[in-house]
Structures are given as structure tokens and as C-alpha cells.
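Colleague: I should be grateful for a close look at a single part of this model. Please take one residue and describe its setting, then place it within the wider structure.

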Amino acid sequence: MLKTEIKLTVFFEDPFWVGVYERISGGKLEACKITFGSEPKDYEVYDFLLQNWGNLRFSPPIKSTCVQDKKVNPKRMQRAVAKQLATQGVGTKAQQALKLQQEENKIMRKQKNHQQKEDEKQRQFELRQQKKKEKHRGR
């Protein structure tokens, strides 16, 4: 049975509120960074996730430690949740995943810009050639 675990952490990263959405599925962790403007309410975050689920761009998957399926005492679970809420920020695995996504986006952006420059050079070259032909014909 494939177990999927998700976690959303919302925190203030000057000057915006940021949410990091992590999902662990099949021992692979993927993360997505969501930037909110002002402090979002719970229902706004939930609404945002429902409407934009298909548009979220997750990082490439990285290997994650598997959590054991084990019954947990409810009080222990409450303590664990309180401890997670007390700690602010994002886990290091999620940071690695986001960094990987950032590097990937950077490479894609560079390739796109390079292609645009090459296309513009080719267009300018063709324009110059056309002008030369027109001058040669005596127009």
C-alpha cells in the first residue's frame, strides 16, 4: 500500500508570507513554495490549494527517510504536533528540494534567454541580407 504524507508550513519571510507544501510519496519528497501577500487566513490557504492544485510546480523528487507505520498514542501525537508548531521554518529536506527546483528553473531560464538571443540574431541577419538584395536590384 502506497502511503502519501503531506505537510503545509506557512511562515513569514520578510516581506511576504510564504507557504512550503511538502509531499512524501513512495519514499520521495517533493516541495513547492507558495508566496502569499499579506497573512493568509486558514480558509484562504485551503481555497488557494483547491483552486491552484494543478498549477503548483513541485521540485524534482529527492530520497526521503520512510516513516514507520506504527500506532501512536493520542497524547504523544498531540505533543508531537505541538512541537512541530513551536518550531518555525522548513525542514532541511524541503529546503534541498526547493533549492533543486530553483537550480532547474535557472537552467531553463538561461536556455530560453539564449534561444531568444539566437533567434533575434538570425532575424537581424536575414533582414540585413534582404536589404542587400534590394540594393543590388537597384530599388
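Colleague: Where does E30 lie, and which residues does E30 touch beyond those up to four places away in sequence?

Modeller: Please note that this is a predicted model. E30 lies in strand β3, which covers residues 28-36. With a relative accessible area of 18%, E30 counts as buried, because the cut-off for a buried residue is under 20%. The side chain of E30 makes a polar contact, at 2.7 Å, with the side chain of R23. R23 is also among the residues that E30 touches once those up to four places away in sequence are set aside; the others are Y21, E22, F58, S59 and P61.

The nonpolar cores give the wider setting. The largest nonpolar core has ten residues: F11, V18, V20, I24, L29, A31, I62, A94, A97 and L98. Strands β2 (16-25) and β3, together with helix α3 (92-136), each give two or more residues to this core. Two residues touched by E30, Y21 and F58, belong to a second, separate core of eight residues, which also includes I34 and V45. As for I24, a member of the largest core, its contacts outside its neighbours within four places in sequence are K3, T4, E5, L29 and S64.

The surface offers a contrast to the buried E30. There, V72, M77, V81 and L85 form a nonpolar patch with about 380 Å² of accessible area together. Of these, V81 is found in helix α2, residues 74-86, and is partly exposed, with a relative accessible area of 40%.

Key. Residues numbered from 1 in each chain as written. Predicted model: local features only at pLDDT ≥ 70, side-chain atom pairs only at ≥ 80, totals over all residues. Heavy atoms only, no water. Helix = DSSP H or I, 4+ residues; strand = E, 2+ residues; numbered from the N terminus. Buried < 20%, exposed > 50% of the residue type's maximum accessible area, 1.4 Å probe, protein only. Polar contact = N/O pair within 3.5 Å; in protein donor to acceptor, adjacent residues only side chain to side chain. Contact = heavy atoms within 4.5 Å. Patch = residues over 30% accessible without salt bridge, like charges linked within 9 Å, V, L, I, M, F, W, Y side chains within 5 Å. Areas by Shrake-Rupley, 256 points an atom, 1.4 Å probe, with all protein chains shown as cover. Salt bridge = Lys/Arg side-chain N within 4 Å of Asp/Glu carboxyl O. Core = buried A, V, L, I, M, F, W, Y, C linked by side-chain atoms within 4.5 Å.
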